[in-house]
Every structure is written in structure tokens, then in C-alpha cells.
Amino acid sequence: LILTGRRLHLWDAIDRSPKQAPPSAICFSHRSLLIASGHHDAVKIWDAASGDLLHHYGHVVPRHQEITHLLFDARERRLLLADQTGRVVVYDPLNGGVLVALPPHRGEVSGLVYGGLDGLAVSISWDRE
């Protein structure tokens, strides 16, 4: 399953000529039935039921960098985004506003998990910190 253009599509990984690069990160909100996908330096928010593209937020990471992880918080009202520069940022998925920018790592974020209702987010990075 991949998100391209304005619809949900099945995508064969052997196809080397998609109209848009495949997402580098994806996550699903069970409560709001939203899918967030990271495409190079942009985040797209999709309606999981209809497949319609609801929002497109471009240039959310520094130039020539990519999104490495996307994750909804426990209440599924905030979107955590991690990138190759080591940044972890919390966004409002409905308006694209930055809510919090966490202290950055010195290397690419290689993992991101949300620890539940207590609001604990854990990120790991190639900087080993």
C-alpha cells in the first residue's frame, strides 16, 4: 500500500517509475482514521476511509534531508516526526503547526516510539545518545 497523488494505491515495489517517490515513513491513527505519510521533505495527511488527501505540508525538514519516522501520540492528536538531521518535532496534523521541537540528536534518528498516556516519547539515533 502506498500513497501517491491524491489517492491510496497498491504499489508494486518492482515498478521503478512511480509518479512520486514512495514514502519514507507512514503511521495510522485508529481514532481519527488518518494516515500520515512522509515523502522526502513533506508530510501528507490522508483520510483512511476514503483515501482522499486532506493536507499536504511541504518543507518540514531541512533541504536535502528526509523524514525517517512518523508516529501519532497516544491520544492520536499530535504527530511526531523525526528526520535525518536528528530533529524530533511534534506537529498538529490538522494544521501543520509545530507544537514542540525536542532537543536534537547529533545523528540521524533511527527509532521513535511513544510511551503511552504519560507523554513519554523515546527516540534513538546513530549518535548513540
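This is a short tour of a predicted model, from a sheet to a serine and on to a cavity.

**Stop 1: the sheet.** Start by selecting strands E3 to E6. They form an open sheet of four strands, in the order E3-E4-E5-E6, with antiparallel pairing. Color E3 (25-29) and E6 (53-57) separately: these are the edge strands, each with a single partner, so one side of each has no neighbour in the sheet. Look across the strands and you'll see the twist, which averages 15° from one strand to the next.

**Stop 2: the E4/E5 pair.** Now narrow the selection to residues 34-39 (E4) and 42-47 (E5). These two run antiparallel, and six bridges join them. Pick out Ser37, which sits in E4, and then Lys44, its bridge partner in E5.

**Stop 3: around Ser37.** Stay on Ser37 and show side chains. Is Ser37 buried or exposed? Its relative accessibility is 0%, so with the cut-off for buried at under 20%, Ser37 counts as buried. Add His39 to the view: its side chain makes a polar contact with the side chain of Ser37, at 2.8 Å. Then add Trp46, whose side chain has a polar contact of 3.0 Å with that of Ser37.

**Stop 4: the cavity.** Which residues line the largest cavity? Select Val43, Ile45, Tyr57, Val60, Leu79, Tyr91, Asp92, Pro93 and Gly96. The space inside is about 50 Å³, and a search of the whole structure turns up one cavity of 30 Å³ or more. Color the lining by residue class and you get seven nonpolar residues, one polar and one charged.

Definitions and conventions:
Residues numbered from 1 in each chain as written. Predicted model: local features only at pLDDT ≥ 70, side-chain atom pairs only at ≥ 80, totals over all residues. Heavy atoms only, no water. Pairing = 2+ DSSP bridges. Axes fitted to C-alpha atoms, helices over the stretch in contact; angles between N-to-C directions. Buried < 20%, exposed > 50% of the residue type's maximum accessible area, 1.4 Å probe, protein only. Polar contact = N/O pair within 3.5 Å; in protein donor to acceptor, adjacent residues only side chain to side chain. 1 Å grid on protein atoms, 1.4 Å probe; cavity = no way out; pocket = protein on both sides within 12 Å on 5 of 7 lines; lining within 4 Å. Points joined across faces, edges and corners; volume = space filled by probe spheres on them. Nonpolar A, V, L, I, M, F, W, Y, C, P; charged D, E, K, R; others polar.
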